[in-house]
Amino acid sequence: KIINNPKYRDLKEDVEQLIEKLPAGSRVLKLGHKIEESLKGVLTQGRLFRDFGFRYIGPVDGHNIEELIKTFKNAKKLKGPILLHVSTLKGKGYTPAEKDPERFHKTEAFDIPTGKVKAKAQPTKKKAPTFSDAFAEELLELGQSKKNLVTITAAMPEGTGVAPFAKKFPDRCIDVGMAEQHAVGLAAGLREGGIIPVVAIYSTFMQRAFDQIMHEMCLQRLPVILALDRASIVGEDGPTHHGVFDIGYLRILPNMTVVSPKDPSELRAMLRFAVDHKNPIALRYARGGISDPLVSKTEPIVFGKSETLRAGNDVALIAVGNMVYEALKVAQQLAAAGIEATVVNARFVKPMDAEMVAHMAKTIGRIVTIEEGQIQGGFGSAVSETLDALNLSATPQLRIGLPDRFVDHGGRNNLLEECNLTPEQMTQSIQQWLEGNPSSADSFLTESAT
């Protein structure tokens, strides 16, 4: 408060100007500044920020609005970079939330007087396992067999499914807080020391650590495992949380492997594969689960290889991640219209299964890629680049994915419909495309504009 007070500031400037006019005044001022900083270091926090050249003010009570406004007004008059440290208590004023802030980060309907979650009506059928559930279960099993496996998360142990592992192996789980860059850098260092690190972070938040992924992981070819949860449209959390850019920013990096499971069972198989993989690898999976699995068996994961789930001679649907089952539904609807489609589960975004792409181009001749990610620079672009490298770029291709804009808030199903990604809408798009059979470039421009 003293440092931020205008009267103190004005008095300080007057005294400094007076001293500077005296003989050896500049030396006296320099000594005075050193004494001032030493006193601040003893009496206040923020020495680190002052060493970086910031004028540190705080901590200020973030729940005292009147005091905050006054502090901001005074701070605006100061010169140079300023760091204002505001301290708040999560759930302030509501005792249950103050006592259990992590649960109230995002909670279901609860009883206000007690804070207890309201009992839900029991569902008539068993809830389908989510991708996060499968990740948590497989992580626990791997933790028991591999004593050098460590998990790292960035303030999201519950959301990412790391919490059960942390409870079972508390000395092998590191929560770095909201510091995704540090999480990846730490993981690289651990890997260099013989540890198997699994970094579990939401897809959208991993963007913050792009530089560390590039320099600490890929450049040094360290086999760190990135577990990217919520790699999909996430609904009401909105544009800041949709994990729809990771394919674009990961597949451009040398030495990186990117895989995406079609269902929770395949996620478990991919996590086992990742633990033994010798290069950096990102395992990306959607929020939620698969309510109606159409495939009962998970085939072994083979590096760089896809799996064909349905055969047809009219068009090839190459899908990735949770959109594989949507592609199977599309194939069923196309069959009802007399169009037989092959459905491929890509499994690997990078490396692309070039042999499969070549086979689809030469034997079927029309390719549709389906992804729940940004269409520009995404999975469909990777298939297109593969066709080009194989001298098969003349193969007609339709890329189905998210439009070139930020997707807003809303229910997941509503947002998929808004983006023309429901099975019915995709079926219609494919039928129209087959009737007109535009060039690959034209279909890309059309999809982007839409």
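Which residues form a nonpolar patch on the surface? I began my entries on this predicted model with that question, and I found that L48, F49, F52 and F54 make up the patch, with about 410 Å² of accessible area together. I then looked up F52, which sits in the loop between α3 (47-51) and β1 (55-61), and noted that F52 counts as exposed because its relative accessible area is 63%, where the cut-off for exposed is over 50%.

**Entry on the seven-stranded sheet.** I traced an open sheet of seven strands in the order β4-β3-β5-β6-β8-β7-β12, with mixed pairing. The edges are held by β4 (173-175) and β12 (348-350), each of which pairs on one side only. For the turn between neighbouring strands of this sheet I noted 20 degrees on average, direction ignored. At the β4 edge, I saw that β3 (residues 149-153) and β4 pair in the parallel sense over three bridges, and that I152 has I174 in β4 as its bridge partner.

**Entry on the five-stranded sheet.** I also followed an open sheet of five strands, in the order β9-β11-β10-β13-β14 and again with mixed pairing. Its edge strands are β9 (307-310) and β14 (397-402), each pairing on one side only, and neighbouring strands are turned by 25 degrees against each other on average, direction ignored. Within this sheet I checked β10 (residues 315-319) and β11 (residues 341-345), which pair in the parallel sense over five bridges; the bridge partner of A316 in β11 is T342. I then noted that helix α18 (residues 423-436) lies across β10, β13 (367-374) and β14, running at about 155 degrees to β14.

**Entry on salt bridges.** The count I recorded is 20 salt bridges. I looked first at R272 and E138, whose closest N and O atoms are 3.2 Å apart; R272 lies in helix α13 (residues 264-276) and E138 in helix α6 (residues 131-145), so this pair ties together parts that are 134 residues apart in sequence. R272 is partly exposed at 41% relative accessibility, whereas E138 is buried at 3%.

I next took E141 and R268, which meet in a salt bridge at 2.9 Å, N to O; because E141 belongs to α6 and R268 to α13, the pair ties together parts 127 residues apart in sequence. Here E141 is partly exposed at 46% and R268 is buried at 18%. Salt bridges with shared partners join E137, E138, E141, R268 and R272 into one network.

Technical notes: Residues numbered from 1 in each chain as written. Predicted model: local features only at pLDDT ≥ 70, side-chain atom pairs only at ≥ 80, totals over all residues. Heavy atoms only, no water. Pairing = 2+ DSSP bridges. Helix = DSSP H or I, 4+ residues; strand = E, 2+ residues; numbered from the N terminus. Axes fitted to C-alpha atoms, helices over the stretch in contact; angles between N-to-C directions. Contact = heavy atoms within 4.5 Å. Patch = residues over 30% accessible without salt bridge, like charges linked within 9 Å, V, L, I, M, F, W, Y side chains within 5 Å. Areas by Shrake-Rupley, 256 points an atom, 1.4 Å probe, with all protein chains shown as cover. Salt bridge = Lys/Arg side-chain N within 4 Å of Asp/Glu carboxyl O. Buried < 20%, exposed > 50% of the residue type's maximum accessible area, 1.4 Å probe, protein only.
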